[in-house]
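Subject: The structure I promised you

Hi,

Here is the structure we talked about, for you to open and look around in. My notes come right after it.

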Amino acid sequence: MLNVTFVCLGNICRSPMAELIFTDMVKKRGLSNSFRISSHGTSYYEEGNPIYPPAKRTLEEHGIEGAHISRQLTLKDIKNNDYILVMDSSNLFDVLRLTGGAYGEKIFKLRSFTPSQGDVADPWYTRDFEKAFNDVEEGCRYFLEFLLKEKSEAFEYDKRH
Ligand code: 4NP
């Protein structure tokens with residue numbers, strides 16, 4: 001079992017998109033039983049709010065359904081997860097400030113797993129939700145490939161059933 005949480009600033013655009021995209025991806029691979037997947041925001045700005053409508057619409061255009069309510073990330077969430085995947089350098093800074101620099105070994109930028117690296121474009125400012133979707137989808141795809149290659153022991157149960 002791997003516990004994975006995706007993190008952005010507001011937890012209404014990028015990280016809930018990542019949560020639902022990654023959930024869909026592992027389901028299609030028959031690996032749902034190997035994961036507990038969530039998302040959080042570094043801020044309390046949107047606490048209790050649903051996925052931002054343009055982000056939800058973009059997910060639906062790609063055939064991905066699901067809901068999420070914004071929650072602020074706590075130290076407990078960091079302790080309880082194996083991977084904390086942030087969307088950009090600003091999120092990384094905020095998460096490391098929360099931990100006082102600890103747990104760095106399980107905190108990654110999502111796109112650090114992709115050949116092109118970099119940040120997930122923030123649609124709150126760019127208004128380009130399609131670009132954010134593509135950045136997140138690519139990051140999730142490469143992250144899953146990394147896990148299948150490097151952490152194959154986590155999937156033994158799913159592979160046998
Ligand atoms: P997210 O987008 O971090 O991808 O959920 C944002 C949502 C809200 C704000 C900023 C970014 N905000 O400033 O309220």
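Below is what turned up, starting with the strands and ending with two backbone angles. Keep in mind that this is a predicted model.

**The strands**

A good place to begin is strand 1 (residues 2-8). Seven of its seven residues are buried, so the strand is largely enclosed by the rest of the structure. There is a general pattern to have in mind here: in a regular strand the side chains alternate between the two faces of the sheet. In strand 1, Leu2, Val4, Phe6 and Cys8 point one way, while Asn3, Thr5 and Val7 point the other way, and all of them are buried.

Which strands does strand 1 pair with? One is strand 2, which runs parallel to strand 1 and is joined to it by seven bridges. If you want to trace the pairing on screen, look for Asn3, whose bridge partner in strand 2 is Arg36, and for Val4, whose partner there is Ile37. To get from strand 1 to strand 2 the chain passes through helix 1, and this β-α-β crossover is right-handed. Another partner is strand 3 (residues 83-86), also parallel to strand 1, this time over four bridges. Thr5 is the residue to look for there, as it stands opposite Ile84 of strand 3.

Strand 2 is well covered too: six of its seven residues are buried, so the rest of the structure largely encloses it.

**The aromatic rings**

The count of aromatic pairs comes to 14. One of them is Phe22 with Phe35, an edge-to-face pair with 5.3 Å from centre to centre and 85° between the planes. This pair links distant parts of the chain, with Phe22 in helix 1 (residues 14-28) and Phe35 in strand 2 (residues 35-41), 13 residues apart. Both Phe22 and Phe35 are buried.

The two also belong to one aromatic cluster, together with Phe6, Tyr83, Phe108, Phe113, Phe143, Phe146 and Phe155. Phe6 brings us back to strand 1, where it points the same way as Leu2, Val4 and Cys8.

**The largest pocket**

How much space lies in the largest pocket? About 160 Å³. Its lining takes in Cys8, Leu9, Gly10, Asn11, Ile12, Cys13 and Arg14, along with Tyr45, Glu46, Asp122, Trp124 and Tyr125. Sorted by class, that makes seven nonpolar, two polar and three charged residues.

**Two backbone angles**

Last, a look at phi. Most residues other than glycine have a negative phi, and most peptide bonds are trans. Asn11 has a positive phi of about 60° although it is not a glycine. You will find Asn11 in the loop between strand 1 and helix 1, and you have already met it in the lining of the largest pocket. Arg127 likewise has a positive phi, near 60°, and is not a glycine either. Arg127 lies in the loop between helix 5 (123-126) and helix 6 (129-150).

Are these two buried or exposed? Asn11 is buried, since its relative accessible area is 0%. Arg127 has 44% relative accessibility, so it counts as partly exposed.

That's the lot. Have fun with it!

Cheers

Terms used:
Residues numbered from 1 in each chain as written. Predicted model: local features only at pLDDT ≥ 70, side-chain atom pairs only at ≥ 80, totals over all residues. Heavy atoms only, no water. Phe/Tyr/Trp six-rings, centres within 6.5 Å; stacked < 30°, edge-to-face > 60°. Helix = DSSP H or I, 4+ residues; strand = E, 2+ residues; numbered from the N terminus. Buried < 20%, exposed > 50% of the residue type's maximum accessible area, 1.4 Å probe, protein only. Pairing = 2+ DSSP bridges. Right-handed = clockwise from strand over helix to strand, strands pointing away. 1 Å grid on protein atoms, 1.4 Å probe; cavity = no way out; pocket = protein on both sides within 12 Å on 5 of 7 lines; lining within 4 Å. Points joined across faces, edges and corners; volume = space filled by probe spheres on them. Nonpolar A, V, L, I, M, F, W, Y, C, P; charged D, E, K, R; others polar.
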